[in-house]
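Let's work through a few exercises together, with the structure open beside you. Try each task before reading its solution.

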Amino acid sequence: MNRSKWIFFFPLLLLGTGVFAQDDAIGKFFGKYVEDSRFTVVSISPKMFRLMSKVNWDTIPSDLKQTVTHLTSLRILSTEMTPAVFYKEAMARIDRKEYEELITVRSDKDNVRFMVKEQGDVIHELLMIAVDKDDFTMMSFVGNIDLDKLSRLSSDMGIKGMENLKNIKHK
Amino acid sequence: MKNNYLRLKPITFPLLMLLVSFSACAQASYVDQFYQKYQDTKKDKNGIEGGGWQFNFTSSGSSRPGDDWFSKVSFLHCLSIDAAHAQEWSDLERSISKDNFEEWFSVRHGKGRFQMLSSDGKGGVEDVICIVVGKEGNGLFFHMRGCFTAADKDRIKAAFQEKGNENE
């Protein structure tokens, strides 16, 4: 069978079988903990982001709506059990060639790291890893990411640790 | 005849694959089969339901865009499942997965879970599923069908989220 016929049939096969894959850092390096009852897991799928982009929001500024439109998924993994151990494991598992460190905020109480995965000039994934004495949190945004707008959206949502992203332009 | 066969041979395999995948969509849904199975097995010898309850609602369902989302519901099925009936949970999850429902979002904490999914049907009809599981593992399952707009779906999400928060 020649190549042009496969090019026609292959996307149809994918549609028919409903193939879907999530390729964020949490799925890649911490996938085994997604079903673990010690962890709290929040997942917002591409379907939800597509749905949100279609809704007419009157009260939300258009730039924030645009930020949401460009996101494709969000996953948060968090636990109160042995936070320091999981933080160490996360730092050891993450492929540093793929995820470049963007910003680190370290104090005597907590440690927050932001990493990005780039595709060309575009930030494809923003990963936040945060630890303090009470909990360990990993959060991954996937999409076409504008850090400035995303930090605004995150602070509006009240996501702990994301306020550190706000100062990125000044560093 | 043989020439025709030889001409069609290169596309036979992809066509068969397509037929298999699309014929799966044409069958009665696995979730519907799950209801049927548990409607029969839930009742004991005296015809009394044990280990949970079910509620069914069907209507013609409005398809006018301006109407309230609830008036667009043409089918609603509620089901409660006890923590002790682990087999029911796993059968239900398998049925949802086989019906190719796509997740909107989920929140899991310990044994507790809040999850919303949907599946697109023919003619703009959509099936929306909401699963609320408490810390003890007891849960509620909602399945509704209708022609919903994006704004309707946002309201449905908000309504279930509100109920989910009340139950926590």
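The exercises below go from the sheet to the core and then to chain B, and they rest on a predicted model.

**Exercise 1. Trace the sheet and find which strands stand at its edges.**

Step 1. Follow the strand order: β3(A)-β4(A)-β5(A)-β6(A)-β2(A)-β1(A)-β3(B)-β4(B)-β5(B)-β6(B)-β2(B)-β1(B). These 12 strands make an open sheet with antiparallel pairing.

Step 2. Look at the two ends. β3 (100-106) of chain A and β1 (54-58) of chain B each have a single partner strand, so one side of each lacks a neighbour in the sheet.

Step 3. Add the twist, which averages 10° from one strand to the next.

Step 4. Now find the helix that packs on the sheet: α3 (residues 46-54) of chain A touches β1 (39-44) and β2 (71-79) of chain A, along with β3 (102-109) of chain B. The direction of α3(A) makes about 115° with that of β3(B).

**Exercise 2. Find which residues have the most contacts inside the largest nonpolar core.**

Step 1. This core holds 59 residues, and the ones to pick out are L126(A), M128(A) and I129(B).

Step 2. Ask which strand gives the most to the core: β5(A) does, with 7 residues.

Step 3. Zoom in on I129(B). Its contacts beyond four places in sequence include I96(B), F101(B), M116(B) and F142(B).

**Exercise 3. Describe the make-up of chain B.**

Step 1. Chain B has 4 helices and 6 strands, and along the sequence they follow α-α-β-β-α-β-β-β-β-α.

Step 2. Of its 168 residues, 24% count as buried.

Technical notes: Residues numbered from 1 in each chain as written. Chains lettered and ligands numbered in written order. Predicted model: local features only at pLDDT ≥ 70, side-chain atom pairs only at ≥ 80, totals over all residues. Pairing = 2+ DSSP bridges. Helix = DSSP H or I, 4+ residues; strand = E, 2+ residues; numbered from the N terminus. Axes fitted to C-alpha atoms, helices over the stretch in contact; angles between N-to-C directions. Contact = placed C-beta atoms within 7 Å. Core = buried A, V, L, I, M, F, W, Y, C linked by C-beta atoms within 7 Å. Buried ≥ 20, exposed ≤ 12 C-beta atoms within 10 Å, placed from the backbone.
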